[in-house]
Amino acid sequence: MSERQTPPATEPILHAQNVDREYGSISVLEGVTLPIRADAVTALIGPNGSGKTTLLRVLAGLLEPTGGSVTYRGPDATRRIGYLPQQPAFRPGFTVRETLRFYGSLVGDDDEAPIEHLERVGLADAADRPVDALSGGMTRLVGIAQATIGDPPVVVLDEPASGLDPGMSTHVFEIATELAGTGTAVVLSSHDLELLERHAHEVAILDDGAIVDRGDPVDVRNRLELDSLRAVYEEAISGDTRTVRVQGVTT
């Protein structure tokens, strides 16, 4: 099993500094500063509605912050950042192979690259299946393959293991660790705290749109004198963890 090994400290390849994001009068992110290192898996954790997806979309360049900045400091690349949305979707009527070849053509990958990416996620046998005939979990695996096409220096994955069985969830986190081992910066969100504890080099805990704690999972646990990342999460999050908090309202 591929698990985390703490990489050497480096300058961040992507750096969010004092980021705010508002939707009209609703503030979703407030003063978020988060350096993203190459060679590392950075994980965002927090309750539903805490701002994780919004922050990932800001980091991926899909949303402009309404305050602060996000700076890319990596190498020049045809595709700087690969992104997996929380609910990936592909144009119907095409096979998995054809879909990934299309994305590969946008970044100069050769025709064989899609199969290599499908093999990485364990989905090579589905290469000729129509994308509209895939299960939700298989669609997510195709999304992970798509996010890594072109070998972007930064890969942003929103809930990459959602809807997958335990074995494939573990495999997805192993992929993230392997990508980090090749120099890729991987930033992801997940509610699977046990897998994060094994594979993440750094965690950032969000609550009500702000980062309330951050660091190497082992260091954070030791500093707080707690025995698990779940205990850290419960210590850091305010209010009832069984409710979704939306702009000061519980539902």
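Between domain 1 and domain 2, about 990 Å² of area is buried, and carbon and sulfur atoms give 70% of that area. The model in which this interface appears is a predicted one, and the interface is a useful place to begin reading it. The size of an interface is often given as the accessible area lost when the parts come together.

As for the two parts themselves, domain 1 is made up of two stretches of the chain, 14–75 and 153–238, whereas domain 2 covers 89–152. The C-alpha centres of domain 1 and domain 2 lie 25 Å apart, and the contact draws 17 residues from domain 1 and eleven residues from domain 2. Across this interface, five residue pairs are found in polar contact, while the count of salt bridges between domain 1 and domain 2 is zero. On the side of domain 1 that touches domain 2, β6 (154–158) and α5 (166–181) each supply at least two residues, and the largest share, five residues, comes from α5.

The UniProt record, in an unreviewed entry, lists residues 14–233 under "domain: ABC transporter". Over residues 14–233 the chain is 35% helix and 27% strand, with the end C-alpha atoms 25 Å apart.

From the interface we can turn to the charged side chains. Side chains of opposite charge can pair when their charged atoms come close. The structure as a whole holds six salt bridges, and three of them can be followed here one after another.

In one of these, the side chains of arginine 37 and glutamate 202 meet with a distance of 3.4 Å from N to O. This pair links distant parts of the chain, since arginine 37 sits in the loop between β2 (26–36) and β3 (40–45) and glutamate 202 in strand β8 (residues 202–207), 165 residues apart. Arginine 37 has a relative accessible area of 16% and therefore counts as buried, the limit being under 20%. Glutamate 202, with a relative accessible area of 8%, is likewise buried.

Glutamate 202 also forms a salt bridge with arginine 214, and here the closest N and O atoms are 2.6 Å apart. Arginine 214 belongs to strand β9 (residues 210–215) and glutamate 202 to strand β8, so that this pair too links distant parts of the chain, twelve residues apart. Arginine 214 counts as partly exposed, because its relative accessibility is 37%. Through salt bridges that share partners, Arg37, Glu202 and Arg214 are joined into one network.

Another salt bridge is formed by arginine 221 and glutamate 197, whose closest N and O atoms are 2.7 Å apart. Here the two partners lie in helices, arginine 221 in helix α7 (residues 217–224) and glutamate 197 in helix α6 (residues 193–199), and the pair links parts of the chain 24 residues apart. Arginine 221 is buried, its relative accessible area being 18%.

A last stop is threonine 95, which lies in the loop between β5 (81–84) and α2 (96–107). Is this residue, threonine 95, buried or exposed? With a relative accessible area of 16%, threonine 95 is buried. When its neighbours within four places in sequence are left aside, threonine 95 is in contact with Ala127, Asp128, Arg129, Pro130 and Val131.

Conventions
Residues are numbered from 1 along each chain as its sequence is written. This is a predicted model: local features need pLDDT of at least 70, side-chain atom pairs count only at pLDDT 80 or more; totals for chains, interfaces and linings use all residues. Side-chain values use heavy atoms; hydrogens and water are left out. A salt bridge is a side-chain nitrogen of Lys or Arg within 4 Å of a carboxyl oxygen of Asp or Glu. Helices (H or I, at least four residues) and strands (E, at least two) are DSSP runs, numbered from the N terminus. Buried means under 20% relative accessible area, exposed over 50%, partly exposed in between (1.4 Å probe, protein chains only). Contact means heavy atoms within 4.5 Å. UniProt positions are given in the numbering used here, feature names are shortened, and annotations may be inferred rather than shown by experiment. Domain bounds come from an automatic or database domain assignment. Buried area is the accessible area (1.4 Å probe) that two parts lose on being put together, summed over both. A polar contact is a pair of N or O atoms within 3.5 Å; within protein, one must be able to donate a hydrogen and the other to accept it, and residues adjacent in sequence count only if both atoms are side-chain atoms.
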